[in-house]
There are 2 protein chains.
Amino acid sequence: MKLMEDRILREGRVLSGNILKVGSFLNQQMDIELFEKMADEFWRLFGDCGVTKILTIEASGIGIACITGQRFKCPVVFAKKNRSSNVSGDVFSSRVHSYTHNKDYDIIVPKEYLNTSDRVLIIDDFLANGTALNGLIGIVRASGACIVGAGIAIEKAFQPGGDMIRKQGIRVESLARIKSMSESDGIEFC
Amino acid sequence: MKLMEDRILREGRVLSGNILKVGSFLNQQMDIELFEKMADEFWRLFGDCGVTKILTIEASGIGIACITGQRFKCPVVFAKKNRSSNVSGDVFSSRVHSYTHNKDYDIIVPKEYLNTSDRVLIIDDFLANGTALNGLIGIVRASGACIVGAGIAIEKAFQPGGDMIRKQGIRVESLARIKSMSESDGIEFC
């Protein structure tokens with residue numbers, strides 16, 4: 001999606017440790033007009049898949065997922081990151097490793113919000129190592145619902161997450177796929 | 001807003017400790033069609049106030065704020081809850097007391113996302129003791145921006161937050177105001 005690539009080139013900042021800062025339009029500050037264009041594109045890609053529910057993860061995925069949910073006219077559910085150690089029986093949960101904080105945590109969704117008749121589109125802002133997306137896939141599988149695919153804003157294609165998820169047979173569509181990035185040489189797309 | 005009151009009566013569950021569970025349509029699962037009606041109402045109330053930015057707090061406020069941001073055609077910023085102890089100099093921060101977890105935490109917004117020419121509408125899902133809203137107000141004040149007001153989905157009017165904030169001269173508009181609620185007697189609106 002050229003609009004997304006252009007915006008990344010204009011406002012994204014590459015920091016050390018493979019971090020891409022896009023907080024001015026995608027994360028802590030959200031450009032809703034851009035989100036509408038992203039939602040249009042997700043609708044073009046997945047609009048004929050009979051999606052009944054959109055699943056994302058707090059916090060940065062929620063805005064994109066809600067605007068996308070408008071197009072699909074379906075509810076949006078977000079997984080919570082559970083920082084306490086105990087997970088109750090009335091939730092689907094999945095263990096996720098955070099490379100940023102180098103620790104594991106659980107993500108949880110109450111069982112009542114996903115069921116076997118659901119066709120789920122997963123939406124998230126970033127795909128890098130794929131740990132969060134893998135966790136969301138685990139939750140959908142545990143619920144018995146069908147995974148239609150994953151719509152991602154920015155994929156760091158030089159990290160292994162995208163390949164790993166696609167090898168599981170899951171359709172992953174990313175609006176911008178970064179081939180390489182560095183503080184000195186800038187950003188190159190696939 | 002009758003639609004909101006009806007929905008609370010139909011799906012809300014009152015739990016002990018003054019907790020109202022509305023996770024099926026307002027929090028962890030989000031009814032985007034309802035959010036659109038809420039956004040229409042916020043637009044009716046604040047549409048002539050020259051809003052340039054919407055501010056909310058992660059995570060449950062983000063969805064409502066983004067759909068509202070569509071109506072106002074302005075960016076949406078969310079404050080992050082900072083769990084680490086140090087706050088850097090390039091953010092506006094405010095100390096918030098959580099009654100749920102009985103501890104203090106900081107909420108933060110990077111300075112680049114709020115400036116003196118902004119006219120800010122604060123959006124959040126709940127108003128009870130007013131600690132989160134007060135924190136958001138503190139951040140807007142620190143930035144030098146103008147606070148247009150606060151749009152709240154559900155106000156627990158039997159708790160002191162709403163009165164406290166209105167006494168500061170800040171316009172607070174809540175789509176549903178709960179006068180009383182209990183497990184045995186149900187929910188009564190103002």
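**Two chains and the axis between them**

Modeller: In this predicted model, chain A can be laid on chain B with an RMSD of 0.0 Å, by a turn of 180° and a shift of 0.0 Å along the axis.

Biologist: What makes that the relation of a two-fold axis?

Modeller: The operation that carries chain A onto chain B is a turn of 180° with a shift of 0.0 Å along the axis, and therefore the relation is that of a two-fold axis. The surface used is the same in both copies, since 100% of the contact residues of chain A recur in chain B.

Biologist: How many residues of each chain are in contact with the other chain, and which elements of chain A give two or more residues to that side?

Modeller: There are 22 residues of chain A in contact with 22 residues of chain B. On the side of chain A that touches chain B, the elements giving two or more residues are strand 3 (29-30), helix 2 (32-46), helix 3 and strand 5 of chain A, and the largest share, six residues, comes from helix 3 of chain A. Sorted by class, this side of chain A has 13 nonpolar, six polar and three charged residues.

Biologist: How do you know that strand 3 of chain A and strand 5 of chain B pair?

Modeller: Two strands pair if at least two bridges are found between them, and strand 3 of chain A and strand 5 of chain B have two bridges, in the antiparallel sense. Within strand 5 of chain B, the residue opposite A:Met30 is B:Val76.

Biologist: Which strands of chain B form a hairpin, and how many residues lie between them?

Modeller: Strand 10 and strand 11 of chain B form a hairpin, with three residues between them. Strand 10 covers residues 172-182 and strand 11 covers residues 186-189, and the two pair in the antiparallel sense over four bridges. B:Met181 has B:Ile187, in strand 11 of chain B, as its bridge partner.

Biologist: Why is A:Lys73 called exposed?

Modeller: A residue counts as exposed if 12 or fewer other C-beta atoms lie within 10 Å of its own, and A:Lys73 is exposed because it has 10 C-beta neighbours inside 10 Å. The residue is found in the loop between helix 3 and strand 5 (76-82) of chain A, and its phi is near 50°, a positive value in a residue other than glycine. In chain B, B:Lys73 is likewise exposed, with 10 other C-beta atoms within 10 Å, and has a positive phi of about 50° although it is not a glycine. Most residues other than glycine have a negative phi, and most peptide bonds are trans.

Biologist: Where is the peptide bond that is cis in chain A, and what is its omega?

Modeller: The bond from A:Glu58 to A:Ala59 is cis, with omega near -5°, and A:Ala59 is found in the loop between strand 4 (53-57) and helix 3 (61-72) of chain A. In chain B, a cis peptide bond joins B:Glu58 and B:Ala59, where omega is about -5°.

Biologist: Which residues have the most contacts inside the largest nonpolar core?

Modeller: The largest nonpolar core has 122 residues, and those with the most contacts inside it are A:Cys66, A:Leu136, B:Cys66 and B:Leu136. Leaving aside its neighbours within four places in sequence, B:Leu136 is in contact with B:Leu55, B:Ile57, B:Ala79 and B:Ile122. In soluble globular proteins, nonpolar side chains tend to be buried together.

Key: Residues numbered from 1 in each chain as written. Chains lettered and ligands numbered in written order. Predicted model: local features only at pLDDT ≥ 70, side-chain atom pairs only at ≥ 80, totals over all residues. Buried ≥ 20, exposed ≤ 12 C-beta atoms within 10 Å, placed from the backbone. Least-squares fit on C-alpha atoms with pLDDT ≥ 70 in both. Contact = placed C-beta atoms within 7 Å. Core = buried A, V, L, I, M, F, W, Y, C linked by C-beta atoms within 7 Å. Nonpolar A, V, L, I, M, F, W, Y, C, P; charged D, E, K, R; others polar.
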